[in-house]
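Reader: I would like a close look at one part of this model. Please take a single helix and the core around it, and keep it brisk.

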Amino acid sequence: MSQDNDSPDEEIVDAIVEEEETSEEDADTLDVSADGDAAPLARIEDVLPSELVLYPLGGRPFFPGMLTPIQVEGSPYFEIIQEALETPGKVFGIILSHAEDGDEVFDIDKLYQIGTVARIMEAAVNQETRQVKLLAEGLSRFEIQEVITDKPPIIARVIHQSGNLELEDEDAIKPYAMAVLNTLKEILKFDSLYQEQVKLFLSRHNFSEPDRLADFVASMTSSNRDELQEVLETYSVQERLERVLSLLKKELEMVKLQDKISKQVEEGISEHQRQFFLREQLKEIQKELGITKDDRTADVDKFRERLEEMTLSEEAEKRINDELDKLSVLETGSSEYGVTRNYVDWLTGLPWGIFSEDQLDLPKARRILDKDHDGLEDVKDRILEFLAVGQLKGKIGGSIILLVGPPGVGKTSIGQSVARAVDRQFYRFSVGGMRDEAEIKGHRRTYVGAMPGKFIQAIRHTKVSNPIIMLDEVDKIGASYQGDPASALLEVLDPEQNAEFLDHYLDVRFDLTKVLFICTANQLDTIPRPLLDRMEVIRLSGYIAEEKVKIARNHLVPKQLDKNGLDKQDLRFTNGALRSIVDGYAREAGVRRLEQKIGSIARKTAVKILEEEVEKPIKVDKAGIETYLGKPDFRDEKPMRGVGIVTGLAWTAMGGATLDIEAVAIEDEKPSMTLTGQLGDVMKESAKIAHSFIRSHCKKLGGDPKQLKSDIHLHVPEGATPKDGPSAGITMTTALLSMARNEPIPRTLAMTGEITLTGQVLAVGGIREKVIAARRVGIKELILPEACRKDFEEVPDYITQGVTVHFVKRYNQVAKIVFG
């Protein structure tokens, strides 16, 4: 490059070099008068006034030799400048304050002691608006000796410090000045923002003035105000240059780092831009050669290609074609293009007219159900009946099955087994706690982030129009101000309506009649009646101990061994050990806790294998269970015996349970009845009915009416557990009769049934669960309502085997069975 094209920063560096070369000569030049004698120079202390009006400044100090524009408006700044303009030299003092801004800058206690005398070079005053615009030049340093007025405008008596350069060692100063200049050259190479400041300085000064050089360089750095104030308060030029050089070195390091970061960013941007341009050029080349298409054309062609293998409804075909025509004219960068593209993507992503073929093979289905589940024979029979009907019709669809049972009895896994048996795609989601109707029917497309509902998502995920969709926890669905999802389900789960299911997002009707819906619930009470009417209910009761042991042996133990990195050569359970776990630690209706306990033993075994040298396989027997699991969580349940004590049967969401009811008579002048045990309203009413019935039929039933004229206390143990329902009616009646006869129940039996005031025994629910609960505690004789005979006969034989059941219509039959 020729010299004629030097860059601005190179010109400034050359100027600095020229200044350095002439600095010695300029430093030795004296001001000579016309007659050749040296002209006497006036000292600045003799020219400037000893009293100055002070202009407090927040932020950074002002240095001698600098120019700064100042604009002020209103009091007290206007008065300060007016005062300065009236002085002979139009001078005032600019001094730094510890305060940042506001009225605190005029606090004399917060003012530094050393500032700069400034001369007003130009000023424009507007008296009406009380505004002043001026240009001020820094002359020299001053130090406050005494504050004359401490209120604005502040006037102080000062001592001027012009600096005694002639008294300092020039040879000692020069290396510092050269070091400052060399560092300044380095900074100019990296940061062009300093160039204008250097040009301005060179127009008024030269670098042969080391004191001016130090002040200039300090003012152009980004150092903080305390560091700059230290430079201002340093009178010695050599010391001042030392401080400035230190600040300048820091500035150089910062400028270098900024330059490095800027280059890295520019390189990244340049590379990104280069790749972008290359990609765009490649697209244009490919388009010219007919190799590829633009994004919009590619999208439209992709969506049309999807439709080739589908059988669309007339409505869907028209909507998709309209949206594709719209998509083909939109700009790819517009927001409307993204919304339309997503909508068409969902429309064309659904399997319109695509169905999987059902494998309706009953022997195969039975094998799968038997392999996946032990017990539940009645449930498996119901499933096979359902599949048999489908085989005769040649299709399965339009059905909604509801599996009801306690937690952990296999409701979800049965749904998966059904999907395997008929070879259909399976999709499961939980509606428990769902409160937004849009989760079922989708969001309208006007909302940001809108999506279809769960059912359309399931159809797209499975890629067929006839999957098995499982809705878990349908009894725990919620409702809120956002809608009622249970009501939205009415359309989905109604075979008469779901042929034209309308999702809010799609806004196109989709046929759900071929979908097999399987719902699960723990209880029916919380399911809305209109929804329940649309479902075919299949009840799953709890398992008896023998079934649990078999399930543990065939399913849970292998699963936990694999989960914990073991095999059957590492750990083995005896049947006695599994039975001990079932009886002592896992008495709930399902098998989840049983699986947890087996997993706990497997983990402890893994630790033992790694830490100790043990002989494999480790055998867990009945005697060693407490070593792994601690003391049993449950004690042996033995029915309570005694006068006024009767064992009843109850149903809970966790399965069946036995319930001991106690009744005692307390002598009191006023007959009354006390009920305890956290009983619900229905159960309290049953107790009152039982009391009234016994009082009116006491003699006929062999009781002593005097006992019933006392204060009667009826209690149901385990008072912390809420209890409700009518099924304890005959049990409470029998407890009161036992108390009135002063005779205990002669043998171990249990009973359940609702009683009326006339002594009729009405039907109750949960018979299977109650029979299982009785067997669990060893009770083999039961009293049930005659109306429940059908429910009892549906209980599998392996559960009722060895159980004696008395069916009754009226309470006198109960009394005869119990007391003879």
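Author: What follows looks at helix α3 and its surroundings, then at two places elsewhere in the chain.

The model is predicted. Its chain has 28 helices and 24 strands. Of the 820 residues, 45% are buried. Contacts between residues at least 6 apart in sequence are mostly long-range: 75% of them join residues at least 24 apart. The chain's accessible surface is about 42200 Å², and carbon and sulfur atoms account for 48% of that area.

Now the helix. α3 runs over residues 77-85. Which of its residues are buried? They are Phe78, Ile80, Ile81 and Ala84. These four lie on the same side of α3, because they cover an arc of only 160° around the axis. An α-helix has 3.6 residues a turn, so residues three or four places apart point the same way.

What does this buried side pack against? The partners are strands: β1 (51-57), β2 (67-73), β3 (91-96), β4 (114-126) and β5 (131-149).

Leu54 shows one of these links in detail. Leaving aside neighbours within four places in sequence, Leu54 contacts Ile80. Ile80 is one of the buried residues of α3. The other contacts of Leu54 on that count are Gly93, Ile95, Leu111, Phe142, Ile144, Ile154 and Ala156.

Leu54 also belongs to the largest nonpolar core, which has 60 residues. Leu54, Tyr55, Ile70, Phe92 and Phe142 touch the most other members of this core. Helix α8 gives the most to it, with 8 residues. In soluble globular proteins, nonpolar side chains tend to be buried together.

Helix α8 spans residues 237-289 and includes Ile269. Ile269 is not buried: its relative accessible area is 43%, so it counts as partly exposed. Together with Leu257, Ile261 and Val265, Ile269 makes a nonpolar surface patch of about 350 Å². Thus α8 gives residues to the core, and Ile269, a member of the patch, also sits in this helix.

The last stop is a loop. Asp704 is in the loop between α23 (681-697) and β19 (711-715). Is Asp704 buried or partly exposed? Its relative accessibility is 32%, so Asp704 counts as partly exposed. Not counting residues up to four places away in sequence, Asp704 touches Cys698 and Ala740. Asp704 and Leu737 are 33 residues apart along the chain, yet their C-alpha atoms are separated by 8.9 Å.

Technical notes:
Residues are numbered from 1 along each chain as its sequence is written. This is a predicted model: local features need pLDDT of at least 70, side-chain atom pairs count only at pLDDT 80 or more; totals for chains, interfaces and linings use all residues. Side-chain values use heavy atoms; hydrogens and water are left out. Patches are made of residues with over 30% relative accessible area and no salt bridge: like charges are joined within 9 Å, nonpolar side chains (Val, Leu, Ile, Met, Phe, Trp, Tyr) within 5 Å. Accessible areas come from the Shrake-Rupley method with a 1.4 Å probe; for residues, only the protein chains shown count as cover. A salt bridge is a side-chain nitrogen of Lys or Arg within 4 Å of a carboxyl oxygen of Asp or Glu. Helices (H or I, at least four residues) and strands (E, at least two) are DSSP runs, numbered from the N terminus. Buried means under 20% relative accessible area, exposed over 50%, partly exposed in between (1.4 Å probe, protein chains only). A nonpolar core is a set of buried Ala, Val, Leu, Ile, Met, Phe, Trp, Tyr and Cys residues joined through side-chain atoms within 4.5 Å. Contact means heavy atoms within 4.5 Å. The arc is that of the directions from the helix axis to the C-beta atoms.
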